[in-house]
Amino acid sequence: MLDKDKPWVLVVDDNDMNLHSMKRALSHLNINIETVKSGESALKSIINQHFFLILMDVQMPGMNGFETVSYIRGNENYKNIPIIYVTAISKEDKYVEEGYNQGAIDYLFKPVNPHILSCKVKIFLELHNKKEELVQLNSKLAESEKDLMESNANKDKFFSIISHDLKCPFNGILGATEMLVSYYDELSSEEAKEMIQVVRESSTKAYELLEGLLEWAQTQTGRMEYIFENIDLYEQSTKTIELLKTNAQNKNIFLKNEVKENTLVFADKRATETVLRNLITNAIKFTKPDGIIKVETEKRDSEIAISVSDSGIGMSDKDKNKLFKIEVHHTTVGTNNEAGTGVGLILCKELVEKHGGKIWVESELGVGSKFIFTLPINKNTQF
């Protein structure tokens with residue numbers, strides 16, 4: 001059965017016996033062989049099929065081999081196809097020289113030695129295969145270079161935005177402390193307390209931003225060590241909820257852990273804690289007082305889907321499309337005017353993808369949001 005993906009050789013000769021013998025000599029090679037009986041037919045063939053080599057007879061009725069090769073070499077699309085003359089014409093130098101001048105790269109004289117013919121074609125086949133490998137490699141390198149340039153451009157944009165965001169809390173700190181130093185004796189205790197509160201809030205924002213940046217930087221530089229092991233999501237979610245309980249209680253928000261005990265995944269414990277912490281923190285931030293936040297899991301084939309859902313403010317489709325993208329800086333003020341850093345979800349995406357998982361959001365404006373990410377159940381499904 002013909003395999004059209006194999007490389008093709010074109011054999012041109014007006015003698016059926018010669019075509020048959022050359023085709024037979026090459027039959028053991030992993031190639032397709034097309035045979036034609038004239039120069040005119042050869043020109044039609046190269047239009048319809050790419051050949052890595054042409055074996056060309058010289059003495060043929062109508063258009064001879066020299067004329068055919070001249071036409072091929074004159075066409076920009078086909079001029080680089082290697083051509084070997086296979087001929088019974090005189091071995092005199094003037095004929096051989098004419099053949100080389102027309103663009104042939106080698107000569108074989110009839111009667112052709114099948115072994116020599118096979119060896120020559122095999123060499124060109126190997127050269128063709130190496131060339132194809134180089135073409136594919138260059139294509140991959142070009143694609144990698146493009147991806148790298150886009151990634152670097154996105155990171156440059158990201159750092160430009162983050163550097164601006166870092167200045168804001170420090171400007172608040174510097175402004176408040178300057179007021180305290182310059183006018184401390186003139187400030188009332190209430191005014192001084194307001195200045196201190198500004199310092200506290202600005203310091204907290206700067207710390208959260210730097211903490212997120214440092215964690216994200218570890219994933220980018222390869223310095224973050226992952227220890228993949230069987231971990232219980234019930235224990236992880238319970239621990240994280242306990243850690244964030246005070247934040248939720250300050251807004252009278254109820255944190256509900258609906259993860260069943262012994263819900264095991266094959267994951268890195270620290271990375272899983274970081275993702276849960278970020279998602280639950282965000283849920284608290286965007287949920288109104290007296291709201292509810294639930295952590296749940298669902299088995300899906302070879303992975304577990306973990307979700308953090310809230311009864312918060314939700315978001316529009318436009319805002320959903322901005323999430324998880326390093327090139328898009330998106331922050332929203334919480335229901336108690338809590339400031340966001342814009343780093344947390346980018347970090348979550350990096351960590352989840354290190355496990356071969358995915359993360360996404362389902363949300364409706366004014367109703368609430370549900371962030372879902374997946375982790376593998378066992379070692380065999382971990383990427």
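These legends accompany several close-up views of a predicted model.

**View 1. The whole chain holds ten helices and twelve strands.**
Before zooming in, it helps to look at the chain as a whole. Of its 383 residues, 40% are buried. About 22300 Å² of the chain is exposed, and carbon and sulfur atoms supply 51% of that area. Many contacts reach across the sequence: among those between residues at least 6 apart, 69% join residues at least 24 apart.

**View 2. Five strands line up in an open, parallel sheet.**
Strands of a sheet pair through backbone hydrogen bonds, and the pairing can be parallel or antiparallel. Here the order across the sheet is β2-β1-β3-β4-β5. Which strands sit at the edges? They are β2 (32-36) and β5, each pairing on one side only. From one strand to the next, the twist averages 20 degrees.

**View 3. Strands β3 and β4 pair in the parallel sense, over three bridges.**
Strand β3 covers residues 53-56, and strand β4 covers residues 83-87. To find one of the bridges, look for I54, whose partner in β4 is I83. Helix α3 (residues 65-73) packs on the sheet, where it touches β3, β4 and β5. The direction of helix α3 makes about 175 degrees with that of β4.

**View 4. D106 and K120 form a salt bridge between a strand and a helix.**
Side chains of opposite charge can pair when their charged atoms come close. In this pair, the closest N and O atoms are 2.6 Å apart. The salt bridge links distant parts of the chain, with D106 in strand β5 (residues 106-109) and K120 in helix α5 (residues 114-183), 14 residues apart. Is D106 buried or exposed? D106 counts as buried because its relative accessibility is 17%, under the 20% cut-off. K120, at 22%, is partly exposed.

**View 5. Two further salt bridges join K79 to E76 and K256 to E258.**
A search of the whole structure finds twelve salt bridges, and this view picks out some of them. The side chains of K79 and E76 meet at 3.2 Å, N to O. K79 is partly exposed at 30% relative accessibility, whereas E76 is exposed at 60%. In the other pair, the closest N and O atoms of K256 and E258 are 3.1 Å apart. K256 has a relative accessible area of 34% and is partly exposed; E258, at 31%, is partly exposed too. Elsewhere, salt bridges that share partners join D13, D57 and K110 into one network.

**View 6. A cis peptide bond runs from K110 to P111.**
Most peptide bonds are trans, and most residues other than glycine have a negative phi. What is omega near for the bond from K110 to P111? Omega is near -5 degrees, and the bond is cis. To place P111, follow the chain to the loop between β5 and α5.

**View 7. N252 and N262 each have a positive phi.**
Phi of N252 is near 55 degrees, and phi of N262 is near 60 degrees. Neither residue is a glycine. Where does N252 lie? N252 is in the loop between α7 (233-249) and β7 (254-257). N262 lies in the loop between β7 and β8 (264-268). Both residues are exposed, N252 with a relative accessible area of 51% and N262 with 61%.

Key
Residues are numbered from 1 along each chain as its sequence is written. This is a predicted model: local features need pLDDT of at least 70, side-chain atom pairs count only at pLDDT 80 or more; totals for chains, interfaces and linings use all residues. Side-chain values use heavy atoms; hydrogens and water are left out. A salt bridge is a side-chain nitrogen of Lys or Arg within 4 Å of a carboxyl oxygen of Asp or Glu. Buried means under 20% relative accessible area, exposed over 50%, partly exposed in between (1.4 Å probe, protein chains only). Helices (H or I, at least four residues) and strands (E, at least two) are DSSP runs, numbered from the N terminus. Contact means heavy atoms within 4.5 Å. Accessible areas come from the Shrake-Rupley method with a 1.4 Å probe; for residues, only the protein chains shown count as cover. Two strands pair if DSSP finds at least two bridges between them. Axes are lines fitted to C-alpha atoms, for helices over the stretch in contact, and angles run from 0 to 180 degrees between N-to-C directions.
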